[in-house]
Amino acid sequence: MHLPNLEEARKRTDKKVEEKTVEYQYPKAFLNKKYFLRTYGCQMNMHDSEEIKKYLELLGFVETTTLEESDLVVLNTCAIRENAHEKVFGYLGRCKHLKREKPDLIIAIGGCMSQEEGVANEIKEKHPYVDIVFGTHNISDLPKMLLEKKEKQTIEVYSIEGDVYEQIEYKRDSNITAWVNIMYGCDKFCTYCIVPYTRGKQRSRKLEPIVKEVEELKQKGYKEVTLLGQNVNAYGKDLEEGYDFKDLLERVAKTGIERIRFVTSHPWDFTDEMIEVIAKYDNIMPYIHLPLQSGSDRILKLMGRRYTKEEYLTLFHKIKEKIPSVSVTTDIIVGFPNETEEDFLETLDVVNTCQFDSAFTFIYSPREGTPASRIKDNVTIEEKEERLQRLNALVNTYSLKKNKVLEGKIVPVLVLGENEKDKTKVYGYTDTMKLINISNGKDCIGQIVPVKITEAKSFSLDGELVSEGEEIYG
Ligand code: 5AD
Ligand code: SF4
């Protein structure tokens with residue numbers, strides 16, 4: 001048994017990160033048994049789930065989307081905010097109930113929550129019906145843990161990050177767009193954030209294997225890749241090779257894959273050269289997710305964000321000037337400890353200036369072990385909620401305004417699949433990452449097609465395929 005330790009997770013060791021490969025030879029010990037996998041949180045977690053699915057299927061498992069049918073439940077968890085915990089423990093209640101009816105049901109928990117000292121201890125002490133707990137650094141141990149499963153609970157979570165694995169195989173959810181990890185972990189230590197503890201120190205993959213992975217995806221017919229990392233534009237800073245994110249972007253662009261995206265960028269690591277590369281290549285999408293977090297210099301400093309409001313705005317304007325068609329989205333936290341009304345108004349001021357295409361907004365949630373969680377807070381939850389509402393109202397006005405500009409225009413859309421709620425429609429994304437529902441695109445799944453926008457809403461747009469002869473991208 002290995003339990004996580006917060007003190008250890010905080011440490012940044014000089015241990016050299018090695019490149020390793022994963023074992024893929026397993027007996028089909030669970031032939032035709034069914035697994036149910038539920039993923040919480042960010043794209044990184046969704047991509048990890050694609051890795052988990054591959055291992056499970058190598059062991060003989062087949063996927064089910066019905067919990068009650070499953071022989072194995074895997075919860076791939078998120079720790080970013082408290083409500084993520086509540087959701088997982090709520091769901092775990094359902095699994096526990098099911099296990100009463102099906103005693104052979106295996107319950108496994110992985111992801112960021114497993115990496116937390118408090119959570120791992122809680123599972124050990126209060127949730128004995130959970131069979132397996134694995135962490136973010138040892139996903140590839142899951143097959144072994146399943147094969148060697150004992151009667152007793154198995155907890156294998158390592159606080160210190162492992163090495164960088166290459167040639168990982170995935171069971172990808174889509175055959176049109178693919179996630180490509182370019183780095184793991186984060187060294188920024190924003191004071192509110194748990195990620196540097198749950199995901200470990202920054203470890204970039206080498207450039208060549210990433211380019212090779214994109215080339216292979218292109219050959220398989222993928223239209224789009226999203227380069228993934230907690231802090232993508234710090235890519236390469238932990239390597240001795242001398243290349244950085246702009247070099248990687250350029251090499252990936254030269255593979256000729258049709259669409260390239262990347263998340264998430266930190267304003268502090270954005271360079272002019274990166275902006276130039278994004279502007280230069282048509283296949284790098286004009287879309288940047290650029291978390292602001294707060295517009296108040298005082299709060300930004302307390303958050304450890306390393307930029308001021310002015311510096312953020314300068315970067316924002318530079319991006320807009322060099323890439324005129326760009327859409328910029330952001331993340332904002334309200335109610336950081338002791339945030340005043342004045343601080344909050346500074347945030348609204350940046351929103352008014354930048355008029356983001358959309359924003360993910362959150363109420364600050366104290367995470368155990370982070371520096372911010374030790375600050376005594378005098379802001380009530382009611383005040384925080386009220387600020388969130390005001391912020392959302394403003395953000396939504398700009399989203400709608402930005403979307404309205406597109407009404408009547410023709411935009412290129414990569415069609416991804418059927419609309420879940422209305423099967424007569426399909427959905428896809430513009431180059432600027434706007435969600436479009438298309439009334440007549442059934443035959444276009446997997447293609448980039450011209451779509452005329454018929455109606456704009458705050459969170460999506462409706463459109464129809466352009467009929468032949470209509471002017472494209474007018
Ligand atoms: N409380 C609230 N929001 C948080 N985020 C990260 N940590 C916290 C926290 N403790 C938000 C940030 C980040 C996004 C992924 O989640 O805005 O950019
Ligand atoms: Fe968390 Fe992002 Fe800051 Fe890293 S850069 S500590 S992932 S908010």
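Is Glu151 buried or exposed in this predicted model? Glu151 is exposed, with a relative accessible area of 81%. The legends below start from the whole chain and then move in to single sites.

**Figure 1. The whole chain and its three named domains, domain 1, domain 2 and domain 3.** Welcome to the predicted model. Along the chain, domain 1 covers residues 9-156, domain 2 covers 164-402 and domain 3 covers 410-465. If you look for the C-alpha centres of domain 1 and domain 3, you will find them 35 Å apart. The secondary structure comes to 13 helices and 21 strands. With a radius of gyration of 23 Å, close to the 23 Å that the globule rule gives for 474 residues, the chain is as compact as a globular protein of that length. Its C-alpha atoms fill a box of roughly 65 × 55 × 45 Å along the principal axes. Buried residues make up 55% of the 474 residues.

**Figure 2. Glu151, an exposed loop residue.** This view returns to the residue of the opening question. Glu151 sits in the loop that runs between helix 5 (142-147) and strand 7 (154-156). Its relative accessible area of 81% counts as exposed because the cut-off for that word is over 50%. To get a feel for distance, find Asp431 as well: the two residues are 280 residues apart along the chain, and their C-alpha atoms are separated by 51 Å.

**Figure 3. The surroundings of ligand 1, with Tyr192, Asp331 and Ser365 among the residues around it.** The full set of residues here is Ile80, Arg81, Tyr192, Gln293, Asp331, Ile333, Phe362, Ile363, Tyr364, Ser365 and Arg367. By type, this shell divides into 6 nonpolar, 2 polar and 3 charged residues. Which residue has a side-chain N or O atom 2.6 Å from an oxygen atom of ligand 1? That residue is Asp331. The backbone takes part in the picture too: a nitrogen atom of ligand 1 is 3.0 Å from a polar backbone atom of Tyr192, and a nitrogen atom of the ligand is 2.7 Å from a polar backbone atom of Ser365. On its own, ligand 1 has 410 Å² of accessible area, and the protein covers 86% of that. The elements giving two or more residues to the shell are strand 15 (327-334) and strand 16 (358-363).

**Figure 4. Gln293, a buried residue with a positive phi.** Gln293 is one of the residues around ligand 1, and its backbone deserves a look of its own. You can find Gln293 in the loop between strand 14 (287-289) and helix 10 (297-303). Its phi is near 75 degrees, a positive value in a residue other than glycine. Most residues other than glycine have a negative phi. At 7% relative accessibility, Gln293 counts as buried, because the cut-off is under 20%.

**Figure 5. The surroundings of ligand 2, with Cys186, Cys190 and Cys193 among the residues around it.** The other residues to pick out here are Lys188, Phe189, Tyr192, Val195, Pro196, Gln230, His266 and Arg305. This shell divides into 7 nonpolar, 2 polar and 2 charged residues. Tyr192 may look familiar, as it is also listed around ligand 1.

**Figure 6. A cis peptide bond between Val263 and Thr264.** Here omega is about 0 degrees. Most peptide bonds are trans. Thr264 lies in the loop between strand 13 (259-263) and helix 9 (272-280).

**Figure 7. Ser327 and the backbone oxygen of Thr432.** Ser327 belongs to strand 15. How far is the backbone oxygen of Thr432 from a polar atom of the side chain of Ser327? The distance is 2.7 Å. Ser327 is buried, with a relative accessible area of 2%.

**Figure 8. Met433, a loop residue with a positive phi.** The loop in this view runs between strand 18 (426-430) and strand 19 (435-438). Phi of Met433 is near 70 degrees. Met433 counts as partly exposed, at 32% relative accessibility.

**Figure 9. Asp163, a buried loop residue.** Asp163 has its place in the loop between strand 7 and strand 8 (164-166). At 12% relative accessibility, Asp163 counts as buried. Its C-alpha atom is separated by 9.7 Å from that of Asn138, 25 residues apart along the chain.

Methods:
Residues are numbered from 1 along each chain as its sequence is written. Chains are lettered from A and ligands numbered from 1 in the order in which they are written. This is a predicted model: local features need pLDDT of at least 70, side-chain atom pairs count only at pLDDT 80 or more; totals for chains, interfaces and linings use all residues. Side-chain values use heavy atoms; hydrogens and water are left out. A residue is near a molecule or strand if one of its heavy atoms lies within 4 Å of it. A polar contact is a pair of N or O atoms within 3.5 Å; within protein, one must be able to donate a hydrogen and the other to accept it, and residues adjacent in sequence count only if both atoms are side-chain atoms. Accessible areas come from the Shrake-Rupley method with a 1.4 Å probe; for residues, only the protein chains shown count as cover. Helices (H or I, at least four residues) and strands (E, at least two) are DSSP runs, numbered from the N terminus. Ala, Val, Leu, Ile, Met, Phe, Trp, Tyr, Cys and Pro count as nonpolar, Asp, Glu, Lys and Arg as charged, and the others, Gly among them, as polar. Domain bounds come from an automatic or database domain assignment. The radius of gyration is taken over C-alpha atoms; the globule rule is 2.2 Å times the number of residues to the power 0.38. Buried means under 20% relative accessible area, exposed over 50%, partly exposed in between (1.4 Å probe, protein chains only).
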